[in-house]
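Here are my notes on the model, point by point. Please read them with the coordinates open.

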Amino acid sequence: MAQARSVVRIIDPIPVMEGAGVLLKRSIATRTLDYLDPFLLFDHFGSDDPADYRAGFPMHPHRGIETVTYLLAGLVQHRDTLGNAGTLGAGDMQWMTAGGGIMHEEMPGAVEGKMEGFQLWVNLPAKLKMTQPRYQDVAAKNIPVLQRADGVHVRVIAGMVDGVRGAVTEIYADPVYLDVTMPAHATFEQAIAPGHTALVYVFEGEGDFGDTRLANPKLGVLGDGDRVRVMTPARPVRFLLISGKPLGEPIARYGPFVMNTRAEIEQALRDLQNGTFVQK
Ligand code: MN
């Protein structure tokens with residue numbers, strides 16, 4: 001399928017209260033767009049007002065999915081039932097494979113100033129839903145950067161750009177996750193495997209994705225093709241480009257658990273009640 005991908009759907013993020021009272025902008029996991037296989041949820045949190053984020057996400061479970069946190073500003077402190085603990089700062093990211101079960105908390109590490117970032121949920125295939133939990137924590141300085149002479153700047157979180165390989169590897173969805181900054185009057189083209197689901201999320205400025213102009217904040221779902229072409233005729237833009245292999249499996253979803261069947265969700269709830277949820 002040798003053709004550039006075009007925007008086939010434009011999603012306006014909607015305000016949502018999540019966790020213990022965190023105000024964020026949600027583009028996937030809404031009535032408008034419930035699931036973009038394999039992506040289950042996409043949130044953009046960002047505020048200068050600590051009242052919007054200080055309640056954080058106290059201890060909560062996950063099973064059957066991966067949660068991907070990418071922070072632009074502020075601090076997030078996390079700890080979990082496996083004994084992991086750490087702090088994410090500006091530019092850091094964490095790709096957490098919950099697998100069979102993890103309980104963790106994600107709390108703001110400072111309650112002043114600006115906090116901004118993203119959380120993406122990636123579905124796991126049936127055969128990996130009960131896999132061992134795993135973290136890939138990547139500090140900002142270890143995220144490969146492609147700096148082009150024309151001013152285009154790409155942080156390669158996952159995937160490959162001009163021979164630069166992303167920081168996160170060995171993920172079932174074979175993801176691309178790029179943070180792309182373009183000055184005005186630039187062009188950027190990126191290969192994306194045909195058949196893979198792809199989206200862009202514009203969070204600063206505006207740009208043309210194929211023939212469609214997207215201005216902050218917008219999520220654009222891309223149709224099929226082998227690449228995406230972005231141009232900035234007038235203004236700079238900053239966006240995430242995310243793609244992954246769709247699973248094509250049934251999903252049963254209940255809050256932080258995403259399995260294939262209702263019975264598996266009921267099992268997760270029983271495990272939680274019985275104290276057998278966390279996989280050792
Ligand atoms: Mn979580």
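1. Histidine 185 is exposed, with a relative accessible area of 66%. This is a predicted model, so treat the values below as computed from it. Histidine 185 sits in the loop between β17 and β18 (187-191). Its phi is near 65°, a positive value in a residue other than glycine. Please check the backbone of histidine 185 by eye.

2. Aspartate 174 also has a positive phi, near 50°, and is likewise a residue other than glycine. Aspartate 174 lies in the loop between β16 (164-165) and β17 (176-182). Is aspartate 174 buried, exposed or partly exposed? Its relative accessibility is 47%, so it counts as partly exposed. The cut-off for exposed is over 50%.

3. Two cis peptide bonds deserve a look. One runs from aspartate 37 to proline 38, with omega near 10°. Proline 38 is in the loop between β3 (22-28) and β4 (39-47). The other runs from asparagine 216 to proline 217, with omega near -10°. Proline 217 is in the loop between β20 (212-215) and β21 (218-222).

4. Now the metal site. Which protein atoms are donors of the manganese ion? They are NE2 of His60, NE2 of His62, NE2 of His104 and OE of Glu106. These donors lie 2.2 to 2.4 Å from the manganese ion. Along the chain, their spacing reads H-x1-H-x41-H-x1-E. Histidine 60 belongs to strand β5 (residues 57-62) and histidine 104 to strand β10 (residues 102-108), so this pair ties together parts that are 44 residues apart in sequence. Histidine 60 and histidine 104 are both buried.

5. Glutamate 105 is next. It is placed in strand β10. Is glutamate 105 buried or exposed? Its relative accessibility is 17%, so glutamate 105 counts as buried. The cut-off for buried is under 20%. Which residues does glutamate 105 touch, not counting those up to four places away in sequence? The contacts are Phe57, Pro58, Met59, His60, Gln77, His78 and Arg79. One of them, His60, is also a manganese donor.

6. For a figure, I would show two views. The first could centre on the manganese ion with His60, His62, His104 and Glu106. The second could show the loops that hold aspartate 174 and histidine 185. Labels for the cis bonds before proline 38 and proline 217 would help the reader.

Conventions
Residues numbered from 1 in each chain as written. Predicted model: local features only at pLDDT ≥ 70, side-chain atom pairs only at ≥ 80, totals over all residues. Heavy atoms only, no water. Donors = N, O, S within 2.8 Å, 3.2 Å for Na, K, Ca; no water. Helix = DSSP H or I, 4+ residues; strand = E, 2+ residues; numbered from the N terminus. Buried < 20%, exposed > 50% of the residue type's maximum accessible area, 1.4 Å probe, protein only. Contact = heavy atoms within 4.5 Å.
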